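Visitor: Please take me through this structure, one question at a time.

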Amino acid sequence: MTDGIVIRRFHDSDAEATHDVFYEAVRIGAATHYRETDLIDWAPTAEMPADWGSWLSGHFTVVAEVDARVAGFFMLEKSGYLNMAFVRPEYRRSGLAQKLYDAILAEARAGSMPRLTVWASRLARPFLRRNGWEFDPDPPPLDGHPVVTDDPEPLDYAMKLDLDPVS
Ligand SMILES: CC(C)(COP(=O)(O)OP(=O)(O)OC[C@H]1O[C@@H](n2cnc3c(N)ncnc32)[C@H](O)[C@@H]1OP(=O)(O)O)[C@@H](O)C(=O)NCCC(=O)NCCS
């Protein structure tokens, strides 16, 4: 477990750092599980899109800071869709992702969200399974998902987590 992790809400000033995390997490962190062409489709450029910061601040976004450096971030939409889950490659399997996930789950419970959904990557799938998520036979329609591929193994998986109403 990595100590010295600070989990906090996203600030506009985190925009560049979170996009850097996204780019690294895909291009390097996911390289063990995807072809180069898939990685390029997923994260085409290190250049941050102009609306990246306002997009993340428009949703429930949490970042993990280690030694004052952004090491990961997760984003949950009001619909319960877990849209972003990324940690820098050196923080994979470190427990940092679990801390971000726990913050997202607490927000979902505080908002009495009945269900969370995701299109999970090949790396997020086992992580979410360990957190009780199941495969979703009837996912909410979302443009671009499942990602079309000639790869026999899917690039992403519809998963869901039904949340018991807070008693
Ligand atoms: C998804 C993610 C946040 C999960 O965090 P994590 O700390 O890696 O979580 P876990 O330790 O539970 O690892 C989950 C899986 O990632 C893969 N993985 C993690 N670290 C790895 C490493 N160093 N080498 C190879 N595979 C690795 C494994 O498949 C692992 O499953 P396993 O432990 O059953 O083998 C993180 O892996 C990540 O940022 N991945 C790249 C981007 C991505 O896929 N985001 C999800 C979008 S839906």
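**Strands, rings and a pocket**

Visitor: How many of the seven residues of strand S2 are buried?

Guide: Strand S2 covers residues 60–66; strands (E, at least two residues) and helices (H or I, at least four) are DSSP runs, numbered from the N terminus. Buried means under 20% relative accessible area, exposed over 50%, and partly exposed in between (1.4 Å probe, protein chains only). S2 is largely enclosed by the rest of the structure, because the number of its residues that are buried is seven of seven.

Visitor: What kind of model is this?

Guide: Residues are numbered from 1 along each chain as its sequence is written, and side-chain values use heavy atoms, with hydrogens and water left out. Local features need pLDDT of at least 70, side-chain atom pairs count only at pLDDT 80 or more, and totals for chains, interfaces and linings use all residues, since this model is predicted.

Visitor: Which residues of S2 are buried on the side opposite Phe60, Val62, Ala64 and Val66?

Guide: Both faces of S2 are covered. Phe60, Val62, Ala64 and Val66 are buried on one side. The buried residues on the other side are Thr61, Val63 and Glu65.

Visitor: Which residue of S2 is the bridge partner of Ile7?

Guide: Two strands pair if DSSP finds at least two bridges between them. Strand S1 (residues 5–9) and S2 run antiparallel and are joined by five bridges. In S2, the partner of Ile7 is Ala64.

Visitor: Which residue takes a positive phi in the hairpin of S2 and S3?

Guide: S2 pairs with strand S3 (residues 69–76) over seven bridges, in the antiparallel sense. Val66 is bridged to Arg69 in S3. Two residues lie between the strands of this hairpin, and the one with a positive phi near 50° is Asp67.

Visitor: Which strands are the edges of the open sheet of three strands?

Guide: Strands of a sheet pair through backbone hydrogen bonds, either parallel or antiparallel. Here the order is S5-S7-S6, with antiparallel pairing. Six bridges join S5 to S7 (residues 157–162), and two bridges join S6 to S7. The strands that pair on one side only are S5 and S6 (134–135).

Visitor: Which residue is the bridge partner of Arg115 in S7?

Guide: Arg115 belongs to the antiparallel pairing of S5 with S7. S5 (residues 115–120) is mostly covered, with five of its six residues buried. The partner of Arg115 is Asp162.

Visitor: Which residue has its charged end over the ring of Tyr157?

Guide: Tyr157 lies in strand S7 and counts as buried because its relative accessibility is 11%. A charge sits over a ring if NZ of Lys or CZ of Arg is within 6 Å of the ring centre and within 35 degrees of the ring normal. At 4.0 Å from the centre of the Tyr157 ring, the residue in question is Arg125.

Visitor: Is the pair of Phe22 and Trp52 stacked, edge-to-face or tilted?

Guide: The whole structure holds 10 aromatic pairs: rings of Phe, Tyr and Trp (its six-membered ring) pair if their centres lie within 6.5 Å, with planes under 30 degrees apart counted as stacked, over 60 as edge-to-face and the rest as tilted. The centres of the Phe22 and Trp52 rings are 5.6 Å apart and their planes stand at 40°. Phe22 in helix H1 (residues 15–29) and Trp52 in helix H3 (residues 52–57) are 30 residues apart, so the pair links distant parts of the chain, and its class is tilted.

Visitor: Is Trp55 buried, exposed or partly exposed?

Guide: Trp52, at 7% relative accessibility, counts as buried. The rings of Trp52 and Trp55 have their centres 5.7 Å apart and their planes at 55°, so this pair is tilted. Both residues lie in helix H3, three residues apart, about one turn of the helix. With 30% relative accessibility, Trp55 is partly exposed.

Visitor: Which strand supplies the largest share of the lining of the largest pocket?

Guide: The largest pocket is lined by 45 residues, and among those nearest its centre are Trp42 and Phe86, which also belong to one aromatic cluster with Phe22, Tyr34, Trp52, Trp55 and Phe73. On a 1 Å grid over the protein atoms alone, a pocket is an open set of points where a 1.4 Å probe fits, with protein on both sides within 12 Å along at least five of seven lines, and lining residues have an atom within 4 Å of a point. Six residues, the largest share of the lining, come from S4.
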